[in-house]
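I opened the model to look up how its nonpolar residues pack. The entries below follow the order in which I checked things.

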Amino acid sequence: SDVCSSDLLIHQNSKIVDLQLVTRDKTYLLNRIQFWKTFLKKKQLKNIMLLQHTTIDSIAIVFACAEVGVTIYTSLIVPNEIQKKIPLVDFVFIGSTYVIWFDTNTQTSLFGKEILVLDEQVINQQFESQEHKYVPVAIDPDHILIIGDSSGSTGPARLISHTNNTFVKAAQNSHHLFESGDVFASHNGINHIGFLAVTMVAPLFKGVTIYTINYLHEMIIFTTRGFLTKVALYESHLMLIKSIPGLGIQNNCLRDCTEIGRAHV
């Protein structure tokens with residue numbers, strides 16, 4: 001079928017290097033997906049916002065949402081844009097690096113909606129406190145998985161959506177960008193539908209190792225030391241790198257990497 005379970009979509013050789021630099025295999029990722037499926041069902045969530053870079057939990061949450069029928073709203077990481085979309089969702093998952101952008105001391109709510117801060121070390125403790133064994137669920141191809149803003153390049157920006165089927169096809173159509181054995185990292189967050197399919201999901205279909213990051217300079221360190229074979233960057237990222245004098249980043253730090261999407265801004 002065009003769309004099936006996470007187990008059948010994720011390549012056996014795919015790996016994720018988490019924020020503690022521990023390499024996690026497919027079995028671990030599937031069990032992490034099960035952890036988030038249980039969370040989503042227990043909370044009876046239908047619409048969420050996911051504000052995070054590519055981490056093991058943001059990846060697992062996307063696959064969990066696909067299996068249990070939850071819709072993810074993306075947003076530019078700008079407080080007023082997020083505030084406009086908050087009424088559309090039940091719950092917000094937010095990376096710890098984004099929390100400081102908002103006036104929230106309790107870290108329990110954002111513009112009146114309950115939030116969970118995706119602190120990987122804390123979630124690891126919760127995950128390891130009990131066994132989570134992945135149980136495959138057939139993914140409904142017609143369920144709307146992702147809703148986000150259009151680029152506005154062909155008219156006024158508007159909300160567009162991807163079903164599980166169209167999202168998976170977008171990822172599968174990016175197969176040519178990756179080869180089994182690639183080592184990849186992306187600084188793109190969960191705020192761009194197209195890049196989400198290309199940089200988060202497509203590598204897992206092809207047997208790639210993904211290095212997860214919270215900060216741009218982490219990715220630069222990995223590239224400079226030759227860990228990565230492919231990276232995904234917006235042109236604005238490269239401009240930022242070159243605009244900070246004394247950062248110690250060599251102009252050729254990406255010389256051994258294939259860059260994906262650098263023309264996007």
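I began with the largest nonpolar core (buried Ala, Val, Leu, Ile, Met, Phe, Trp, Tyr and Cys residues joined through side-chain atoms within 4.5 Å). This core has 54 residues, and Leu29, Ile33, Trp36, Ile48, Phe63 and Phe93 touch the most other members. I noted that elements giving two or more residues to it include helix 2 (26-43), strand 3 (47-51) and helix 3 (56-68). Helix 8 gives the most, with 10 residues.

The model is predicted: local features need pLDDT of at least 70, side-chain atom pairs count only at pLDDT 80 or more, and totals for chains, interfaces and linings use all residues. Residues are numbered from 1 along each chain as its sequence is written, and side-chain values use heavy atoms, with hydrogens and water left out.

I took helices (H or I, at least four residues) and strands (E, at least two) as DSSP runs numbered from the N terminus. Buried is under 20% relative accessible area, exposed over 50%, partly exposed in between (1.4 Å probe, protein chains only).

Next I listed the contacts (heavy atoms within 4.5 Å) of isoleucine 33. Leaving aside neighbours within four places in sequence, isoleucine 33 is in contact with Ser6, Ile10, Ala60, Phe63, Ala64 and Tyr134. A second, separate core of 16 residues includes Tyr73, Leu110, Ile115 and Ile147.

I then checked helix 3, where 12 of the 13 residues are buried. Among the buried residues are Asp57 and Glu67. Just after helix 3, glycine 69 takes a positive phi of about 85°.

Glutamine 44, not a glycine, has a positive phi of about 55°. Glutamine 44 sits in the loop between helix 2 and strand 3 and is exposed, at 69% relative accessible area.
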